[in-house]
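Please find below a note on the structure under review. The points are numbered so that each may be taken up separately.

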Amino acid sequence: VSSVTMKTTNVAFDDLTLEKMKGSAIDGGVVLSGGKSQRPYFAYGFVVEKKDGTLDLRWYPKCKLTDNGDKTSTSSNKWSDQTDDITISATGFDDNATKCVKCLTSDESTKNVTEDKFFAKPLLTSAEVKALETASTGA
């Protein structure tokens with residue numbers, strides 16, 4: 001698989017962050033978009049909370065925004081909310097074409113890793129993730 005594609009409704013991103021993901025030029029609150037700019041790579045991460053309360057923390061260190069759309073449905077007698085969907089594609093970031101770094105807090109070796117520590121910076125290796133556990137316990 002050459003990339004992993006994730007689609008989400010745009011509720012988590014503020015306007016300036018989304019413009020940066022599009023590659024728009026930003027000067028304060030002024031946005032210049034639609035030109036020949038290239039969409040930049042960025043890291044994207046999220047949390048999946050399991051029924052047992054443990055977490056599946058996921059980092060995708062090399063992503064690009066591949067689609068962003070504003071969809072509004074209207075007709076003469078019906079109206080529906082506008083939805084802003086975005087599609088993010090993650091590509092390989094190392095020689096093994098690794099796309100995602102996961103931390104499963106259900107495992108004894110990573111049970112004390114917190115969201116704040118995991119998402120403080122993009123993590124690229126298992127050693128970096130395991131170091132967070134050592135830092136959490138002071139071992």
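1. Salt bridges in this predicted model number three. A pair counts when a side-chain nitrogen of Lys or Arg lies within 4 Å of a carboxyl oxygen of Asp or Glu.

2. One of them joins the side chains of Glu19 and Lys22, with N and O 3.5 Å apart. The two residues are three apart in helix H1, so about one helical turn separates them. Glu19 is buried, at 16% relative accessible area, whereas Lys22 is partly exposed at 23%.

3. Asp56 and Arg58 form another salt bridge, in which the closest N and O atoms are 2.8 Å apart. Asp56 is buried, with a relative accessible area of 3%, and Arg58 is also buried, at 18%.

4. Glu108 and Lys111 form a salt bridge whose closest N and O atoms lie 2.9 Å apart. Glu108 is exposed, with a relative accessible area of 56%; Lys111 is partly exposed at 42%.

5. Which side chain of opposite charge is nearest to Lys99? It is Asp94, 7.8 Å away, and Lys99 has no salt bridge although it is buried. Because a salt bridge requires the two atoms to be within 4 Å, the distance of 7.8 Å to Asp94 does not qualify. A polar atom of the Lys99 side chain does, however, lie 2.9 Å from the backbone oxygen of Ala97.

6. Lys99 belongs to the loop between strand S6 (83–91) and strand S7 (101–104), and Ala97 lies in the loop between S6 and S7 as well. Ala97 merits inspection: its phi is near 60 degrees, a positive value in a residue other than glycine. Ala97 is partly exposed, at 36% relative accessibility.

7. The largest nonpolar core has 12 residues, among them Met6, Phe13, Leu18, Phe42, Leu65 and Ile88. Helix H1 (15–22), strand S4 (42–49), strand S5 (55–71) and S6 each contribute at least two of its residues. A second, separate core of 10 residues includes Trp59, Val101, Leu123 and Val129. In soluble globular proteins, nonpolar side chains tend to be buried together.

8. Leu65 illustrates the packing of the largest core. Apart from neighbours within four places in sequence, Leu65 contacts Leu18, Met21, Lys22, Arg39, Phe42, Ile86, Thr87 and Ile88.

9. Overall, the protein has three helices and seven strands, in the order β-α-β-β-β-β-β-β-α-α along the sequence. Of its 139 residues, 27% count as buried. The accessible surface comes to about 9,100 Å², and 49% of that surface belongs to carbon and sulfur atoms.

Definitions and conventions. Residues numbered from 1 in each chain as written. Predicted model: local features only at pLDDT ≥ 70, side-chain atom pairs only at ≥ 80, totals over all residues. Heavy atoms only, no water. Helix = DSSP H or I, 4+ residues; strand = E, 2+ residues; numbered from the N terminus. Buried < 20%, exposed > 50% of the residue type's maximum accessible area, 1.4 Å probe, protein only. Lys, Arg positive; Asp, Glu negative; His and termini not counted. Polar contact = N/O pair within 3.5 Å; in protein donor to acceptor, adjacent residues only side chain to side chain. Areas by Shrake-Rupley, 256 points an atom, 1.4 Å probe, with all protein chains shown as cover. Core = buried A, V, L, I, M, F, W, Y, C linked by side-chain atoms within 4.5 Å. Contact = heavy atoms within 4.5 Å.
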